[in-house]
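Welcome, and please take a look at the model below. A short tour of its strands, helices and cysteines comes after it.

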Amino acid sequence: MMKTIGVLTSGGDAPGMNAAVRAVVRTALKKGMTVYGIKRGYCGLIEDDIEEMNAMSVAGIINEGGTMLYTARSAEFRTEEGVLKAVETCKKYGIEGVVVIGGDGSFRGAADLSAHGIPCVGLPGTIDNDIACTEYTIGYDTAMNTAMELMDKLSDTSQSHYRCSVVEVMGRGAGFIAVNTGVASGALEVITKEIPYDMDAIAKKMLEYKAKGKQNFIIVVAESIGHTEEFAKLIQEKTGIETRATILGHVQRGGSPTVRDRVVATEMGYYAVELLEQGIGNRVVGMQANKIVDFDIQEALSMTKPYDERLHHIAEDVAF
Ligand code: F6P
């Protein structure tokens, strides 16, 4: 049985990471383990930026956005030398296993560390929901709710001016945030790289709907499309409808986590410690059919996640 574990958050932060850290720390303490909080992701392991946690260290954080352990994307950890330094630090503290909360990049690091004798368990923490082995990633729900609230505000001002708002949402390479917030905000169109789109057809549709009385238009664009300002200019040119571009950006990463994010983070954190307790590492925790499950890291990284094309078409069909 493991006696000492570490926990870190890595990559882009996501609301609910704190809830996951809290669950890991409290579960481990209940099992009689010693737990170390590793700061700034893998950088903390390389640079020995580590603190022992107790029950109070994680008090009052379940409702906080960001991550109390801070986060980073460590270039050095991608080198053999970096991994060896991290292993040395683990040995110094007697850390026998690590819970890594982050995305695919962080899981690659977790696989490297596992291969060097420090079993790691990954927890999916990213607003993008772009981790294939899990239906759900910690932070996704909060980010979508934040984006939706902001789009509602944009819809108010677009309506007052009879305008079109082109809104860019995050998601890295994936359109999951875009399609769901598009449906939730009543968008006319969702533009993601998963489904081809045609500017002329969009413009024609806008003019048809305008003729039938539609007064404001929301077009949601996934960040992977890349040129939201030009997209908005083109819409204005083609339709004559005044159009503004808004890039929501990093506001989507902040804020107090929703119920779903807090609950999933807690369940996954609990599960990760149970795995490490049994000496099981090189795993990623995920959610399948609402159940918490785990996968081999390499297997998880080789999986692909389908895009919900039906939802994409539904969004457009119910727009007017
Ligand atoms: O993975 C989360 C995310 O916010 C993506 O949606 C986005 O592409 C990226 O991180 C932005 O990264 P950074 O915080 O380094 O600007």
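The report starts with a sheet, moves on to the helices that pack on it and ends with the cysteines.

## The sheet

Keep in mind as you browse that this is a predicted model. Four strands make up an open sheet, and following them across gives the order β7-β8-β6-β9, with parallel pairing. At the edges you will find β7 (189–191) and β9 (243–247), each of which pairs on one side only. On average, neighbouring strands of this sheet are turned by 20° against each other, direction ignored.

For a look at one pairing, try strand β6 (residues 164–169) and strand β8 (residues 217–222): they run parallel and are joined by six bridges. Within this pairing, Ser165 has Ile218 in β8 as its bridge partner.

## Helices on the sheet

Helix α5 (residues 140–161) packs on the sheet, where it touches β6, β8 and β9. The direction of α5 makes about 165° with that of β6.

Helix α8 (residues 228–239) is another one to find: it lies across β6, β7, β8 and β9. Relative to β9, helix α8 runs at about 165°.

## The cysteines

How many disulfides does the structure hold? The number is zero. Take Cys90 as an example: the closest cysteine sulfur to its own is in Cys120, 7.3 Å away, which is too far for a bond, because a disulfide needs the two sulfur atoms within 2.5 Å.

Is Cys90 buried or exposed? Cys90 counts as buried, because its relative accessibility is 0%. Cys164 is buried too, with a relative accessible area of 0%.

Technical notes: Residues are numbered from 1 along each chain as its sequence is written. This is a predicted model: local features need pLDDT of at least 70, side-chain atom pairs count only at pLDDT 80 or more; totals for chains, interfaces and linings use all residues. Side-chain values use heavy atoms; hydrogens and water are left out. Buried means under 20% relative accessible area, exposed over 50%, partly exposed in between (1.4 Å probe, protein chains only). Two strands pair if DSSP finds at least two bridges between them. Helices (H or I, at least four residues) and strands (E, at least two) are DSSP runs, numbered from the N terminus. Axes are lines fitted to C-alpha atoms, for helices over the stretch in contact, and angles run from 0 to 180 degrees between N-to-C directions. Contact means heavy atoms within 4.5 Å.
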